[in-house]
Amino acid sequence: MKSVWSDTVKLPCREPLKGDLRTEVLIIGGGMAGIMCAFMLGQADVPYVLVEADTICSGITKNTTAKITSQHGLIYDSLLRRFGAERTKMYLDANEAALKEYRRLCDEIDCDFEEKDAVVYSLDNRRKIEKEAAALHRIGYPAKLLENLPLPFPVAGAVRFPRQAQFNPLKFVKAISEDLNIYEHTKVMELTERGAVTCNGVIKADKTIVTTHFPFINKHGSYFLKQYQHRSYAIALENAPDVGGMYVDEAKTGMSFRNYGDLLILGGGGCRTGKKGGKWRELRDFAKRYYPDAKEKFHWAAQDCMTLDKVPYIGMYSKRTPGFYVATGFNKWGMTSSMVAAMILCDAVRGIENPWEKVFSPSRSILRPQLFANAFEATVNLLTPTRKRCPHLGCALKWNPQEHTWDCPCHGSRFTEEGGLIDNPATDDLHI
């Protein structure tokens, strides 16, 4: 299983840490969020070190669909009702600023950066689309309603975001990370009040940023309660049409479309980690029906942290952890959110107030309906009798027959058939 990005780019290897060191900021996790934090701190002349337990971008980043956009499903009507116009506009502004920064950086990087319109559509609920467009107009965004799309099925309606973008994320990372201070194969074993103990030495740091996808520290922040993980699947097709933009269904189980070169990337078949879903079978059935002459060239899967209110958690890890920061819960929009996280956290560690930090604060209320669904899921799986249990918090693991993995429905940890750790928040292999 290899994504189109992994097939086109080989990132250079980095040496592991050898011995102890001292720095101002420690970044734990080498995906796009960690890389961008390191890049921005370097640009601001702030001493930092980034450590990655495996190799950079070996987790979720290599499996993204790589859209850079402020269009995050039908989120703006929801945010407007929950948080009001001011904070909803802040969310939009943060993501538009992220898009602008990518555009600036990619102007000098060969990473297949292309401006494309982003479109969210509904198959059967035009009212949802109209409400989203009205919410966007209220906060001053020039969204446009569409009736017809270059997709092989009719839609009830769609909202278009002009001049968004797509790229090859690994080409971008290869260029942007060339001079960054990174140590690979350096796993953090224990956090201390002033840094961390790794498998290769002790790092003393004034401040720490955790960008490990799902936060691995359970005693602060309650992240195991206020987010869950969702798997999404993708196939890349040859001899399929150019759809001319980026498209996503507003429904959680819907499909997405974008092109890369002469390939059409279909996304969908998603489900909560550890649950049954259509997965690649659903995508292949769709392709066979609507693109019968197409041929599958790649297939892969991604895993996303989902928050209770669809807004990422970016900022202080918890109210009781000064100098300790986090970026997580990107809700399938990891490329744009990684840049937003880097902008906010680079300011935070320097004591600069960021205009968007209140919107993304990890300490905001978690009293949302999804909280009770998360608690119920955890309770059921904790009480399920089985020998194979997740070393994170003890939930019963489920066998995933399509990917041949053991998956945790509670918090999304995943393991190989032999018990090797694939995805966190678990930090150790499964002992079978």
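Helices (H or I, at least four residues) and strands (E, at least two) are DSSP runs, numbered from the N terminus. The model is predicted, so local features need pLDDT of at least 70 and side-chain atom pairs pLDDT 80 or more, while totals for chains, interfaces and linings use all residues. Residues are numbered from 1 along each chain as its sequence is written, and side-chain values use heavy atoms, leaving out hydrogens and water.

**Exercise 1.** Find where lysine 252 lies.

*Solution.* Look for strand S12 (246-249) and strand S13 (256-260). Lysine 252 sits in the loop between these two strands.

**Exercise 2.** Work out which acidic partners arginine 414 has, and whether they are buried or exposed.

*Solution.* Step 1: recall the cut-off, a side-chain nitrogen of Lys or Arg within 4 Å of a carboxyl oxygen of Asp or Glu. Step 2: glutamate 403 qualifies, since its closest O atom is 3.3 Å from an N atom of arginine 414. Arginine 414 belongs to strand S20 (residues 414-416) and glutamate 403 to the loop between strand S18 (398-400) and strand S19 (405-407), so this pair ties together parts eleven residues apart in sequence. Step 3: aspartate 423 also forms a salt bridge with arginine 414, at 2.9 Å from N to O. Step 4: check burial, where buried means under 20% relative accessible area, exposed over 50%, and partly exposed in between (1.4 Å probe, protein chains only). Arginine 414 is buried at 4%, glutamate 403 is buried at 12%, and aspartate 423 is buried too.

**Exercise 3.** Place arginine 414 in its salt-bridge network.

*Solution.* The network links Arg231, Glu403, Asp407, Arg414 and Asp423.
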